[in-house]
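Welcome, and please load the model in your viewer. We will go from stop to stop, with something to select at each one.

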Amino acid sequence: MTEATGGAVERLYGEAELARFYDMRGTDRDDFAFCRRLAQDATSILDLGCGTGALAAELAADRMVVGIDPASAMLDIARARPGGDRVRWLVGDARSVRLDQRFDLIVMTGHSFQVFLDDKDQSAVFQTIAAHLQPAGRFVFDSRNPDFPGRKTRSRDETLHLDEHP
């Protein structure tokens with residue numbers, strides 16, 4: 001297993017008791033659906049910031065998948081999930097990890113890119129992607145847009161809900 005380098009892991013993701021909350025959002029997500037479509041012709045996928053591995057495990061059913069995350073507690077959940085045995089899980093930092101391997105598709109879902117706040121870190125992530133992407137490969141990531149008017153027009157009742165911890 002490769003060790004993470006760089007910044008500290010947020011408590012929510014680094015502690016096993018808190019990491020279990022991460023999957024409460026479910027896998028019926030627009031970002032996952034988009035990545036599934038992009039993955040149809042891919043034979044190799046790198047999931048940077050894979051979290052608990054829901055997408056990576058699903059995509060590994062018929063192709064080679066590597067999932068990288070800086071939080072070992074998240075990867076412990078990933079390894080234990082159905083299909084987790086088909087993925088190569090590594091603790092690592094998207095700014096610095098190097099696998100000496102190229103992929104048809106690189107995904108970065110769940111707004112993972114947003115943790116890289118300055119130009120130096122963002123550039124380092126893009127260098128990692130360039131080092132791992134096949135010449136005709138694809139890279140996809142998502143990010144929240146705080147200026148999107150829909151976020152400002154929702155009522156409290158539309159956005160507030162209570163989930164019970166498993």
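How many disulfides does the structure hold? Zero. Keep in mind throughout that this is a predicted model. To see two cysteines for yourself, select C35, which is buried at a relative accessible area of 2%, and then C50, buried as well at 7%.

**The whole chain**

Now switch to a cartoon view. The protein chain has eight helices and five strands, and from start to end they follow the pattern α-α-α-β-α-β-α-β-β-α-β-α-α. Of its 166 residues, 40% count as buried. If you draw the contacts with a separation of 6 or more, 67% of them join residues 24 or more positions apart. Turn on the surface next: the accessible area comes to about 9800 Å², and carbon and sulfur atoms account for 49% of it.

**Into the core**

Select I45, V65, W89, L105 and V107. Within the largest nonpolar core, which has 21 residues, these five touch the most other members. Colour the elements that give two or more residues to this core: α3 (30–38), α4 (54–59), α5 (72–80), β3 (87–91) and β4 (103–108). Helix α4 supplies the largest share, with four residues.

Stay with W89 and show its surroundings. Leaving aside residues up to four places away in sequence, W89 touches C50, G53, A56, A57, G67, L75, A78, R79 and G84. Then pick L46, V66, I68 and L90, which are among the 16 residues of a second, separate core. In soluble globular proteins, nonpolar side chains tend to be buried together.

**Charged pairs**

Side chains of opposite charge can pair when their charged atoms come close. Here the count comes to five salt bridges, and a few of them make good stops.

- Select D76 and R79, whose closest N and O atoms are 3.2 Å apart in a salt bridge. Because D76 and R79 are three residues apart in helix α5, about one helical turn separates them. D76 is partly exposed at 48% relative accessible area, and R79 is also partly exposed, at 32%.
- Move to R63 and D62, which meet in a salt bridge at 3.2 Å, N to O. Is each partner buried or exposed? R63 is buried, with a relative accessible area of 15%, whereas D62 is exposed at 60%.
- Finish at R95 and D93, where the N to O distance of the salt bridge is 2.5 Å. D93 is buried, at 6% relative accessible area. Add D121 to the selection: D93, R95 and D121 are linked in a network of salt bridges.

Note on methods
Residues are numbered from 1 along each chain as its sequence is written. This is a predicted model: local features need pLDDT of at least 70, side-chain atom pairs count only at pLDDT 80 or more; totals for chains, interfaces and linings use all residues. Side-chain values use heavy atoms; hydrogens and water are left out. A nonpolar core is a set of buried Ala, Val, Leu, Ile, Met, Phe, Trp, Tyr and Cys residues joined through side-chain atoms within 4.5 Å. Buried means under 20% relative accessible area, exposed over 50%, partly exposed in between (1.4 Å probe, protein chains only). Contact means heavy atoms within 4.5 Å. A disulfide is a pair of cysteine sulfur atoms within 2.5 Å. Accessible areas come from the Shrake-Rupley method with a 1.4 Å probe; for residues, only the protein chains shown count as cover. A salt bridge is a side-chain nitrogen of Lys or Arg within 4 Å of a carboxyl oxygen of Asp or Glu.
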